[in-house]
Amino acid sequence: MAKNNKKSKRTKSAKPQQSNAAKAKSRRAFLQYGVAGAAVLGVGGYFGVTSLQATIHESDLSSLGNGTPTIVQIHDPTCPVCNALQRETRKAIKNMDGDKPGLLVANIKTLEGSTFAADHGVPHITLLLFDGKGELQQILRGPQDRADLTPLFEDLMKRHRPRA
C-alpha cells in the first residue's frame with residue numbers, strides 16, 4: 001500500500017479589517033479606562049500616603065509631654081484584639097466634644113515600642129493616659145469599648161487642659 005503524500009495547501013485566512021469607526025471607539029474606550037484607572041490609582045495613592053503619614057506621626061513617642069494630654073496604645077499590629085482596641089480608641093476620640101487628646105502608638109514589634117512598654121511595665125492591649133507634661137495618669141488594660149473610653153478621655157482633658 002502506498003501512502004498518499006498529498007500536501008494540503010493552507011490558505012492564508014484574511015483577517016477581518018476593523019473599520020475606522022471601530023478603531024476610534026476602541027481608542028476612546030482605552031482612554032476612558034486609562035483615565036479612570038489613573039484616577040483610582042491617584043486616590044488610592046493619596047490615602048496610602050495619608051495613612052502612612054498618620055502612622056509615622058502616631059509612632060513618634062518623643063512628642064509625649066508636648067503640652068497636650070496624650071493616649072499611648074501599647075500595640076501589636078498582628079494582634080486582632082489590639083487592632084479592635086485601636087479602632088475603639090480612635091472612635092472614642094472622634095466622638096469627643098471640644099479639645100481632644102493626642103494618640104500615639106507604641107508598636108511592640110519595634111525597639112522603641114517594646115522599650116516604651118517595658119519601661120512602663122505593661123503588655124500589649126493596654127492604653128496609657130498621660131497629662132500634657134508626659135506624666136502617667138492612668139492605665140487601662142485589656143479590650144475597651146468606645147462608650148467606656150469617651151468619658152475617661154473627656155475626664156483626662158478636663159483635669160489636664162492643654163495650655164494655649
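Does E58 count as buried or exposed, and at what relative accessibility? In this predicted model, E58 counts as buried because its relative accessibility is 11%. The cut-off for a buried residue is under 20% relative accessible area. E58 lies in helix α1, which runs over residues 20-58. Several contacts of E58 reach beyond its sequence neighbours. With residues within four places in sequence left aside, E58 is in contact with R90, L103, L104 and V105. One of these partners, L103, is 45 residues away in sequence. In space, the C-alpha atoms of E58 and L103 are 6.3 Å apart. The contact with R90 includes a polar one, made between the two side chains at 2.6 Å.

Helix α2 comprises 16 residues, 80-95. At 1.5 Å a residue, α2 should span 22 Å. The C-alpha atoms at its ends are 23 Å apart, which agrees with that expectation. Buried residues of α2 are C82, L85, Q86, E88, T89, A92 and I93. Their cover includes three strands and a helix: β1 (70-75), β2 (102-107), β3 (126-130) and α4 (146-159).

The cysteines were examined next. The structure holds zero disulfides. C79 is in no disulfide, and its nearest cysteine sulfur, that of C82, is 3.4 Å away. A disulfide is a covalent bond between the sulfur atoms of two cysteines. The cut-off for such a pair is within 2.5 Å. At 3.4 Å from the sulfur of C79, the sulfur of C82 is therefore too far for a bond. Both residues are nevertheless shielded. C79 is buried, with a relative accessible area of 9%. C82 is buried as well, at 0%.

Nonpolar packing was considered next. The largest nonpolar core has 16 residues. Within this core, I71, L127, L129, L149 and F153 touch the most other members. Helix α2, strand β3 and helix α4 are the elements that give two or more residues to this core. Apart from this core lies another, of 11 residues. Among the members of that other core are L61, I74, A106 and F116. The surroundings of L149 can be listed individually. Not counting residues up to four places away in sequence, L149 touches E88, T89, A92, L127, L140 and Q144. Of these, E88, T89 and A92 are among the buried residues of α2.

Aromatic pairing completes the survey. The structure holds one aromatic pair. F116 and F130 form this pair, and its geometry is tilted. The ring centres are 6.2 Å apart, with 55° between the planes. The pair links distant parts of the chain. F116 belongs to helix α3, residues 111-120, whereas F130 belongs to strand β3. The two residues are 14 residues apart. Both F116 and F130 are buried.

Conventions
Residues numbered from 1 in each chain as written. Predicted model: local features only at pLDDT ≥ 70, side-chain atom pairs only at ≥ 80, totals over all residues. Heavy atoms only, no water. Helix = DSSP H or I, 4+ residues; strand = E, 2+ residues; numbered from the N terminus. Buried < 20%, exposed > 50% of the residue type's maximum accessible area, 1.4 Å probe, protein only. Contact = heavy atoms within 4.5 Å. Polar contact = N/O pair within 3.5 Å; in protein donor to acceptor, adjacent residues only side chain to side chain. Expected span 1.5 Å × (residues − 1). Core = buried A, V, L, I, M, F, W, Y, C linked by side-chain atoms within 4.5 Å. Phe/Tyr/Trp six-rings, centres within 6.5 Å; stacked < 30°, edge-to-face > 60°.
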